[in-house]
Structure formats: C-alpha cells, structure tokens
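Student: I would like to go through the labels used for this structure and ask what each one rests on.
Tutor: Go ahead, one label at a time.

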Amino acid sequence: MAEFLNTFFIAVLICAVVTFLSSDFYKEKFRTASNRSDGEEISPEVKARHTTLLKKYLFVYLLAVSSDWLQGPYVYALYMEYGFEKKEIAELFVAGFGSSMIFGSFVGGMADWGGRRAFVILFAIVYAASCVTKHFKEYGILMIGRLLGGVATSLLFSVFEAWLIRSHADAELPKSCLSKSFSWASFANSVAAIVAGLVANNIAGTSEMIQVREKVYTGGYLNPFDLAFVACIACGVGAWSLWDENYGEKSPDVTSEKNEGRDRGKWYTGLQDAFVTTMRNRDILLCGLISALFEGSMYIFVFGWTPVLKSFDEDKELPFGLIFSTFMVFCMTGSSLFSILVEKHSIENLAVVLFGFSSLAMIVIGFEINESMSFFGMLFFEACVGMYWPIMGTMKGGIVPEDKRAAIYNLFRIPLNFIVLFSLLNDLPASFSFKMNGGMLALATALQFVLTKRRMSATGNKNTPVRAESEPLLDDDTEEGKHII
C-alpha cells in the first residue's frame with residue numbers, strides 16, 4: 001500500500017510541475033516572444049472567442065464523460081449482484097461492443113446529415129435510457145441496455161469531437177487553438193474520471209440495493225447509474241441551450257440555407273460517401289487504422305492491468321481506487337506535456353514517438369519482470385494516453401474532410417471494436433494480451449511513420465499540414481481531400 005501511495009504523491013507533484021510549465025501564465029511571464037516557435041501570436045480577441053467556445057464545449061462534454069465514468073466501475077459488479085453467471089455477463093459485454101461496432105457506427109454516421117448538436121442530444125437520451133435498464137433484474141432488458149450503451153459510446157467518441165472541430169472553423173480560430181482545446185479536454189476528462197470515481201464509490205455504499213417490485217431494484221450499486229442518468233439529462237439540456245447546430249459541409253462558406261440543415265441529400269448517402277472516401281484516400285485510411293490500433297490496445301489495457309498486478313501476489317490486497325487515480329494523474333501529465341511539445345514539434349512527428357514509446361511500455365508490462373516494472377510500464381502508457389487524445393484529435397481534424405467527419409469517425413471505430421471483441425471472445429491471458437498490444441502499437445508506429453512522410457512531402461515543410469490536401473489512393477477529380485481548418 002505504501003509504495004502505491006508514494007507513487008501517487010510523486011505523480012501529483014510531476015503533474016503539477018508539467019501543468020505549470022504548460023500554462024499560459026508561465027508562457028507569458030517567463031518566456032519571451034523569441035522563445036515561441038509556433039509562429040502564431042494570438043490576439044486578445046481571438047483568445048476571448050476561443051475561451052468562450054471552450055467553456056461551452058467542456059460544460060457539455062464533461063457531463064457526458066462523467067456519466068460514462070460513473071457507470072464504468074459498477075457494471076460488472078451490478079451483474080454479479082443480480083446473480084448472473086460469468087458466461088451471461090460476458091455475453092452482455094460482447095453485445096455492448098458489438099452494438100458499438102454495428103449499430104453505433106450506423107447511427108453516429110448520420111450526424112453529419114442530421115446535425116452534430118442534435119446527435120449529442122440523442123446521445124444523452126440513449127445513454128440515459130441505458131441507465132434506466134440497469135434497475136431491472138431481467139437479462140433481456142439488460143441486453144437492451146447494453147445495446148443502447150454501445151450506440152451511445154460511438155456517439156460520445158465521434159460526434160462531440162466533430163462538433164468542436166467545425167465550431168473552431170466557424171469561429172475562424174487558428175489551428176493552435178484546436179490543439180489547445182483537445183489538450184484541455186483530455187486533461188479535464190482525467191479530472192472528471194477521478195472525481196466521478198470518488199463520488200460513485202461514496203454513493204454506492206450509502207444504501208443497500210433493495211427490491212421495490214418484481215425484478216425491479218434500487219439503491220446500492222444502482223446509485224451511480226442514477227447519478228449518471230442525471231448527468232446525461234444535464235448534458236442534453238446543456239447542448240440544446242449552449243451549442244449552435246452545425247453539419248458536415250464541404251466548405252465554411254456554404255449558403256445559409258444549407259447551414260440550416262436543408263438540402264443535404266438522403267440520410268444514408270453520408271455513410272456511403274464516408275466509406276468510399278475512406279477507401280480511396282490513403283491518409284484517411286492510415287489515420288483510421290492507427291487510431292483503431294492504439295485505442296484497441298487501450299481497451300485491452302483496461303481489461304488486463306488488474307490480472308497482471310494480481311499475478312505477482314494473489315493474496316495481496318491492491319488499492320484499486322488509488323491505482324486508478326494514479327493512472328489518471330499520469331494521463332493529465334501527458335495532456336499537459338503535449339501542450340509544451342506541440343510548440344516545438346509537428347503533430348505527426350510527436351505521434352511517431354508516442355506510438356513507439358507506447359509499444360515499449362506494453363512490452364515491459366507483458367513480460368511481467370516484476371511488479372514495479374509492470375506498474376511503471378502502466379504509468380508510462382497512461383501518460384502516452386494523455387498525449388494521444390490531443391494528438392489524434394488534431395491530426396484527424398486536418399485529415400478527415402469536414403462534410404463526412406462524424407461518419408468517418410464512426411467507421412474508424414469498426415476495427416477498434418473488432419480488436420476488443422477478438423480479445424474478449426478468445427479470453428487471452430493478460431501477459432499475452434499486453435505483448436499483442438506491443439505488436440499492434442509497433443505496427444501503429446510504422447503506419448504513422450508512413451503517414452508522416454506522406455503529409456510532410458505533400459507540404460514540403462515540417463509544420464503540421466492542417467490545410468494540406470491528402471493524396472487519394474485512386475485518382476479522383478473531386479475535392480475529398482480538402483479540409484476547412
């Protein structure tokens with residue numbers, strides 16, 4: 001226990017130092033203009049616009065991710081409390097990821113056509129309904145809840161980001177503001193995870209789970225789901241009242257009639273076009289494969305870190321809450337470190353190094369040398385996760401065409417969910433899973449190197465090619481490679 005507590009305090013100290021060094025206060029007070037290498041001086045007016053947009057986004061986004069974090073630790077525990085067999089619980093989890101891969105991609109892919117804000121509200125409704133199903137000790141109803149949760153997860157990891165990128169373009173904010181927004185979102189998400197975990201742990205123990213009518217329960221492990229329900233409703237109301245609607249448009253200077261959501265074609269054409277564009281554009285395809293490989297390894301990490309640490313001493317009681325909090329603090333550190341490094345290095349080059357170090361961390365964990373080495377590898381990987389979200393968010397913002405953004409983001413999740421399902425269905429040993437993660441991330445490193453060379457050769461410089469047109473895999477006369485930010 002003592003070693004984990006000491007590690008937590010060291011993690012907090014490191015995070016505080018790195019976050020301070022990444023802060024605007026430090027940059028303004030201790031660095032001169034000649035020290036800046038991003039080439040962009042942001043005026044007070046632009047900063048004010050960005051701050052206003054970021055506050056609106058974070059208010060809604062943090063409610064959404066908090067609803068997710070509140071539920072996470074108690075899904076399995078609730079199913080066990082209801083008395084379901086492990087096989088039935090496994091089926092429920094597989095159904096959730098399968099729903100995200102099939103139905104989630106289908107529903108989320110329509111957001112460019114139906115409006116990103118509208119589909120954020122849809123996320124809130126669907127996830128709230130999923131929370132309600134947890135009150136029923138009925139396998140069929142719980143299965144419906146898992147299917148709804150899978151759809152909601154796809155919306156959470158695609159539509160919010162698509163709305164943010166388009167809103168930056170509409171507000172005519174410079175590209176550095178987008179990177180900063182993703183960094184803030186990643187940092188705040190980790191804070192939300194810690195707070196949600198503490199709150200959920202507290203309210204889950206405030207009362208016993210009791211039966212109120214046949215197969216209907218309340219209290220106990222259901223309390224976090226009830227609070228998640230409230231967070232979902234607040235998220236939907238916040239999006240409706242604070243956000244402007246935006247759609248997938250080919251360019252920022254679209255007609256007002258089109259911006260109001262009219263004349264966007266049939267609802268399914270966006271899905272068809274997104275698939276064709278992804279297959280024809282090599283940069284988009286590479287970006288999707290890379291994100292699937294990293295995020296797939298991240299999910300496998302979530303399933304496997306506990307068995308690895310327990311394998312060193314089966315009788316040792318691990319402080320899971322403290323370990324999780326330490327993970328999140330390192331994730332926050334990675335987000336802050338990104339804010340520092342992005343001023344001196346291109347997004348693509350940072351990504352190559354990031355995936356390489358992530359692969360190394362997974363291999364260290366997989367070989368299970370000793371508890372300390374494995375735990376260090378886990379912490380290092382969590383720092384990489386903190387850097388990954390703003391890096392990939394910014395990179396996708398410059399590669400994926402705006403008019404198909406949400407649809408393509410959901411297509412990216414299909415191979416991701418396939419990787420997770422493969423791991424769940426085959427019940428792989430934890431050590432083997434982490435070695436497999438190391439191989440997947442090594443492949444992601446190689447693919448990112450190829451993507452970086454392509455992006456740099458297209459622009460002829462080492463800066464992040466945000467406006468660069470991606471070269472399609474096949475010759476095409478359309479403007480599918482062009483982007484608005």
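Student: Why is lysine 87 called exposed?
Tutor: This is a predicted model, so the answer rests on computed values. Lysine 87 has a relative accessible area of 60%. Exposed means over 50%, so lysine 87 is exposed.

Student: What makes lysine 87 and glutamate 91 a salt bridge?
Tutor: The closest N and O atoms of lysine 87 and glutamate 91 are 2.6 Å apart. The cut-off is 4 Å between a side-chain nitrogen of Lys or Arg and a carboxyl oxygen of Asp or Glu, so the pair qualifies.

Student: How are lysine 87 and glutamate 91 placed in helix α5?
Tutor: They are four residues apart in helix α5 (residues 86–108), which means that about one helical turn separates them.

Student: Why does glutamate 91 count as partly exposed?
Tutor: Its relative accessibility is 32%. Buried means under 20% and exposed over 50%, so glutamate 91 falls in between and counts as partly exposed.

Student: What joins the side chains of glutamate 138 and lysine 215?
Tutor: A salt bridge, with an N to O distance of 2.7 Å. The pair links distant parts of the chain: glutamate 138 is in the loop between α7 (116–133) and α8, lysine 215 is in the loop between β1 (210–213) and β2 (216–218), and their positions lie 77 residues apart in the numbering. Glutamate 138 has a relative accessible area of 28% and is partly exposed; lysine 215, at 38%, also counts as partly exposed.

Student: Which residue forms a salt bridge with aspartate 283?
Tutor: Arginine 455 does, with the closest N and O atoms 3.5 Å apart. Here too the pair links distant parts of the chain, with arginine 455 in helix α19 (residues 430–459) and aspartate 283 in helix α14, 172 residues apart. Both arginine 455 and aspartate 283 are buried.

Student: How many salt bridges are found in the whole structure?
Tutor: The search finds twelve. Asp112, Arg116, Glu402 and Arg405 are linked in a network of salt bridges.

Student: Why is arginine 146 said to have no salt bridge?
Tutor: The nearest side chain of opposite charge, aspartate 68, is 8.1 Å away. A salt bridge has to be within 4 Å, so aspartate 68 does not provide one. Arginine 146, which lies in helix α8 (residues 139–156), is nevertheless buried.

Student: What does the side chain of arginine 146 reach?
Tutor: The backbone oxygen of leucine 92, at 3.1 Å. The cut-off for a polar contact is 3.5 Å, so this distance falls within it.

Student: What makes alanine 169 buried?
Tutor: Its relative accessible area is 14%. Buried means under 20%, so alanine 169 meets the cut-off. Alanine 169 is in helix α9 (residues 159–170), and its C-alpha is 9.9 Å from that of glutamate 402, although the two are 233 residues apart in sequence.

Student: Is glutamate 317 buried or exposed?
Tutor: Exposed, because its relative accessibility is 68% and the cut-off is over 50%. Glutamate 317 lies in the loop between α14 (282–311) and α15 (320–341). Together with Asp313, Glu314 and Asp315, Glu317 forms a negative surface patch.

Student: Why is glycine 321 partly exposed?
Tutor: Glycine 321 is at 49% relative accessibility, and exposed requires over 50%, so glycine 321 counts as partly exposed.

Conventions. Residues numbered from 1 in each chain as written. Predicted model: local features only at pLDDT ≥ 70, side-chain atom pairs only at ≥ 80, totals over all residues. Heavy atoms only, no water. Patch = residues over 30% accessible without salt bridge, like charges linked within 9 Å, V, L, I, M, F, W, Y side chains within 5 Å. Areas by Shrake-Rupley, 256 points an atom, 1.4 Å probe, with all protein chains shown as cover. Lys, Arg positive; Asp, Glu negative; His and termini not counted. Charge placed at Lys NZ, Arg CZ, Asp CG, Glu CD. Helix = DSSP H or I, 4+ residues; strand = E, 2+ residues; numbered from the N terminus. Buried < 20%, exposed > 50% of the residue type's maximum accessible area, 1.4 Å probe, protein only. Polar contact = N/O pair within 3.5 Å; in protein donor to acceptor, adjacent residues only side chain to side chain.
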